[in-house]
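Let's take a walk through this structure together. Please have the viewer open and follow along as the parts come up.

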Amino acid sequence: MTALRIERAGAAAARVSGDLGFADAAAAWSRAGEFLVGAAGEVAVDVAGVRNVDSATLAVLLAWAAHARRAGVVLRFRQAPAGLAALAHLCGTESLLGMA
């Protein structure tokens, strides 16, 4: 098991890595505010290092994006692992996640 990490890379970029599946979703959801510290406008979030992708992963990313939107920030998830990209496509949520 790899702990979830959220790293900021300036005001407009972040990186998420580690486990983000069913077992991690509740704790991960509460970390949405970490994207908003010092953010303005849009933040590109690299999710290439996310592991154990499932529907809970998608739900957490959607919740993070909605939380950010309410604060006037748009999250754009980039470098999605193949499983996450396929799941977002299947559910029709790519545009909500800024993947399209």
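What follows goes from the sheet to its covering helix, then to one threonine, and last to the charged pairs.

Keep in mind throughout that this is a predicted model. A good place to begin is the sheet, which is open and made of four strands in the order E1-E2-E3-E4, with mixed pairing. At its edges lie strand E1, residues 5-8, and strand E4, each of which pairs on one side only. If you look from one strand to the next, the twist averages 25°.

Now let's go through the pairings. Strand E2, residues 13-19, runs parallel to E3, and six bridges connect the two. To find your place here, look for Ser17, which stands opposite Gly49 in E3. On to the next pair: strand E3, residues 41-51, and E4 are also parallel, and six bridges join them. A handy landmark there is Gly41, whose bridge partner in E4 is Val73. To get from E3 to E4, the chain passes through helix H2, residues 55-70, in a β-α-β crossover that is right-handed.

Strand E4 itself, residues 73-78, rewards a look from both sides. Which residues make up its covered face? They are Val73, Leu75 and Phe77, while Val74, Arg76 and Arg78 form the uncovered one. Val73 thus gives you two views of the strand: a member of the covered face and the bridge partner of Gly41.

Helix H2 deserves a moment of its own. H2 packs on the sheet and touches E1, E2, E3 and E4. Its direction makes about 150° with that of E4.

Next, turn to Thr93, which you will find in the segment after helix H3, residues 82-91. Is Thr93 buried or exposed? Its relative accessible area is 9%, and because buried means under 20%, Thr93 counts as buried. What does Thr93 touch, leaving aside its neighbours within four places in sequence? The contacts are Leu58, Leu62 and Ala88.

Finally, let's turn to charge. Side chains of opposite charge can pair when their charged atoms come close. How many salt bridges does a search of the whole structure find? The search finds three.

One of them brings together the side chains of Glu7 and Arg5, with an N to O distance of 3.1 Å. Both ends are partly exposed: Glu7 has a relative accessible area of 29%, and Arg5 has a relative accessibility of 47%.

Another salt bridge links the side chains of Arg31 and Glu34, at 2.7 Å from N to O. Here, too, the partners are partly exposed, with Arg31 at 22% relative accessibility and Glu34 at 30%.

The remaining pair takes you back to the sheet. Glu42 and Arg76 form a salt bridge in which the closest N and O atoms are 3.3 Å apart. Glu42 lies in strand E3 and Arg76 in strand E4, so this pair ties together parts that are 34 residues apart in sequence. Glu42 is partly exposed, with a relative accessible area of 38%. Arg76, which you met on the uncovered face of E4, is also partly exposed, at 26% relative accessibility. Between E3 and E4 you can therefore show both the six bridges of the parallel pairing and this side-chain link from Glu42 to Arg76.

Note on methods:
Residues are numbered from 1 along each chain as its sequence is written. This is a predicted model: local features need pLDDT of at least 70, side-chain atom pairs count only at pLDDT 80 or more; totals for chains, interfaces and linings use all residues. Side-chain values use heavy atoms; hydrogens and water are left out. Buried means under 20% relative accessible area, exposed over 50%, partly exposed in between (1.4 Å probe, protein chains only). Two strands pair if DSSP finds at least two bridges between them. A crossover is right-handed if, with the strands pointing away from the viewer, the path from the first strand over the helix to the second runs clockwise. Axes are lines fitted to C-alpha atoms, for helices over the stretch in contact, and angles run from 0 to 180 degrees between N-to-C directions. Contact means heavy atoms within 4.5 Å. A salt bridge is a side-chain nitrogen of Lys or Arg within 4 Å of a carboxyl oxygen of Asp or Glu.
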